[in-house]
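Hello,

Here is the structure we talked about. Please have a look, then read my notes underneath.

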Amino acid sequence: MKYYAIESHYEKEAPFGIAWQVKLFDGHTLLEEYDHIFYNEIAGYCKCLEDMGFIENVEIKVDIKSELKKLQDFQKSIDEITAKAAMLENPAKSVETPSIRTKYW
C-alpha cells in the first residue's frame, strides 16, 4: 500500500513560520522525503500524490488550520509580552507605594 504522511514544523523563512514535510511510503518502506513545502503549496502537492495513487495516512495527518491557529496565538502572546517589556524598559520611571507616590521623569 502506497501512502503519504504530512508533518509540520517551524521554519523561520516560511510564510507564517510553518512548513510541511511530506514522506512517501510503500508499506513500511520510506520511498521519498520532501521538505520546505509551504502553506500555499501543500493542498496541490497532496492532490498530485493522490492522483499518482498514494493515499493519505490519516493517523499522522496534521490539521493545517489548527496548527496555523496555534502559531498565530503564539505570535500574539509574543507580541503582548514584547509590548509589556517595552513599557518596562525603564521601570524606575514610575514608582508607586501606598505611603509614597512619586513619579520620576
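Start with two strands. β1 covers residues 2-10 and β2 covers residues 18-26. They pair in the antiparallel sense, over nine bridges. One bridge to find by eye: Y10 has I18 in β2 as its partner. Bear in mind that this is a predicted model.

Now the whole sheet. It is open and has four strands, in the order β3-β2-β1-β4. The pairing is mixed. β3 (29-37) and β4 (55-56) are the edge strands, and each pairs on one side only.

Next, the aromatic rings. A search of the whole structure gave two aromatic pairs.

The first to look at is Y3 with F25. The ring centres are 5.1 Å apart and the planes are at 15°. Planes under 30 degrees apart count as stacked, so this pair is stacked. Y3 sits in strand β1 and F25 in strand β2, 22 residues apart, so the pair links distant parts of the chain. Both Y3 and F25 are buried.

The other is Y34 with Y45. This pair is edge-to-face, with 5.8 Å from centre to centre and 65° between the planes. Y34 belongs to strand β3, while Y45 belongs to helix α1 (residues 39-51). The pair therefore ties together parts that are 11 residues apart in sequence.

Are these two tyrosines buried or exposed? Y34 is partly exposed, with a relative accessible area of 31%. Y45 is also partly exposed, at 26%.

Best wishes

Terms used
Residues are numbered from 1 along each chain as its sequence is written. This is a predicted model: local features need pLDDT of at least 70, side-chain atom pairs count only at pLDDT 80 or more; totals for chains, interfaces and linings use all residues. Side-chain values use heavy atoms; hydrogens and water are left out. Two strands pair if DSSP finds at least two bridges between them. Rings of Phe, Tyr and Trp (its six-membered ring) pair if their centres lie within 6.5 Å; planes under 30 degrees apart count as stacked, over 60 as edge-to-face and the rest as tilted. Buried means under 20% relative accessible area, exposed over 50%, partly exposed in between (1.4 Å probe, protein chains only).
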